[in-house]
Amino acid sequence: TKLLGPTTSFSLTKPKMNKFLALCLVLAASVAVSQAVKCYTCDSVSDSKCGDPFSSTKTTDCGSSIKGCLKVMGGAGGANLITRSCGTTSSSSGCNKVSLPLGISTETCTCTGDECNAASYAKVSLFALLATVVVPYYLLH
């Protein structure tokens with residue numbers, strides 16, 4: 001026990017210290033993950049592997065200001081185009097579909113996490129999902 005003031009004391013027992021260190025490691029890892037997002041970058045016009053089903057391997061480090069990836073699908077008159085790229089400074093994920101006159105439609109999906117724009121839909125980062133379940137459980141038990 002270390003005295004912090006005239007009436008305040010602070011003590012970390014070994015089990016509490018282990019939990020504290022585990023939390024610090026998880027937080028440090030999530031900061032490191034969020035600083036350098038890597039996204040697939042391609043378009044289905046110049047790379048047939050960029051469409052759905054997806055099998056391209058072209059990735060780009062997006063930089064520290066980018067927090068997520070994009071997948072944009074568009075079509076008109078039976079022709080479809082898919083583009084995958086870096087592109088969002090927001091931490092939100094999801095899809096937005098817009099239909100315009102003359103049979104033109106677009107769907108823009110945003111996601112967070114490395115290479116998350118590979119799926120035929122936006123997906124949640126596995127690390128983020130595990131961290132939100134495992135860390136509170138570990139800290140409470």
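A disulfide is counted here when two cysteine sulfur atoms lie within 2.5 Å of each other. By this rule the count comes to five disulfides. The model is predicted. An open sheet of five strands, one aromatic pair and a nonpolar surface patch complete this briefing.

**Disulfides**

- A disulfide is a covalent bond between the sulfur atoms of two cysteines.
- Count the bonded cysteines along the chain, and the disulfides follow the pattern 1-5, 2-3, 4-6, 7-8, 9-10.

*Cys-39 and Cys-69*

- Cys-39 is joined to Cys-69, with 1.9 Å from S to S.
- The angle about the S-S bond is -85 degrees, and this link of Cys-39 and Cys-69 is left-handed.
- Distant parts of the chain are linked here: Cys-39 is in strand 3, Cys-69 is in strand 6 (residues 68-76), and the two are 30 residues apart.
- Both Cys-39 and Cys-69 are buried.

*Cys-62 and Cys-86*

- A disulfide also joins Cys-62 to Cys-86, with an S to S distance of 1.9 Å.
- The link of Cys-62 and Cys-86 is left-handed, with -75 degrees about the S-S bond.
- This pair, too, links distant parts of the chain. Cys-62 sits in the loop between strand 5 and strand 6, and Cys-86 sits in strand 7 (residues 79-88), 24 residues apart.
- Cys-62 has 15% relative accessibility, so Cys-62 counts as buried.
- Cys-86 has 21% relative accessibility, so Cys-86 counts as partly exposed. The cut-off for buried is under 20%.

*Cys-111 and Cys-116*

- Cys-111 and Cys-116 form a disulfide with 2.1 Å from S to S.
- The link of Cys-111 and Cys-116 is right-handed, with 80 degrees about the S-S bond.
- Both Cys-111 and Cys-116 are buried.

**The aromatic pair**

- A search of the whole structure finds one aromatic pair.
- The rings are those of Tyr-40 and Phe-54, with centres 4.8 Å apart.
- Their planes stand at 75 degrees, so the pair is edge-to-face. Planes over 60 degrees apart get that label.
- The pair links distant parts of the chain, 14 residues apart. Tyr-40 lies in strand 3 (residues 38-40), and Phe-54 lies in the loop between strand 4 (42-43) and strand 5 (59-61).
- Tyr-40 has a relative accessible area of 13%, so Tyr-40 is buried.
- Phe-54 has 19% relative accessibility, so Phe-54 also counts as buried.

**The sheet**

- Five strands form an open sheet in the order 4-7-6-9-8, with antiparallel pairing.
- Strand 4 and strand 8 (94-100) are the edge strands, and each pairs on one side only.
- Strand 8 pairs with strand 9 (residues 104-112) in the antiparallel sense, over seven bridges.
- Lys-97 stands opposite Glu-107, which is in strand 9.

**The nonpolar patch**

- Val-98, Leu-100, Leu-102 and Ile-104 form a nonpolar patch on the surface.
- Together these four residues have about 380 Å² of accessible area.
- Leu-100 belongs to strand 8, one of the two edge strands.
- Leu-100 has 45% relative accessibility, so Leu-100 counts as partly exposed.

Conventions. Residues are numbered from 1 along each chain as its sequence is written. This is a predicted model: local features need pLDDT of at least 70, side-chain atom pairs count only at pLDDT 80 or more; totals for chains, interfaces and linings use all residues. Side-chain values use heavy atoms; hydrogens and water are left out. Rings of Phe, Tyr and Trp (its six-membered ring) pair if their centres lie within 6.5 Å; planes under 30 degrees apart count as stacked, over 60 as edge-to-face and the rest as tilted. Helices (H or I, at least four residues) and strands (E, at least two) are DSSP runs, numbered from the N terminus. Buried means under 20% relative accessible area, exposed over 50%, partly exposed in between (1.4 Å probe, protein chains only). Two strands pair if DSSP finds at least two bridges between them. Patches are made of residues with over 30% relative accessible area and no salt bridge: like charges are joined within 9 Å, nonpolar side chains (Val, Leu, Ile, Met, Phe, Trp, Tyr) within 5 Å. Accessible areas come from the Shrake-Rupley method with a 1.4 Å probe; for residues, only the protein chains shown count as cover. A salt bridge is a side-chain nitrogen of Lys or Arg within 4 Å of a carboxyl oxygen of Asp or Glu.
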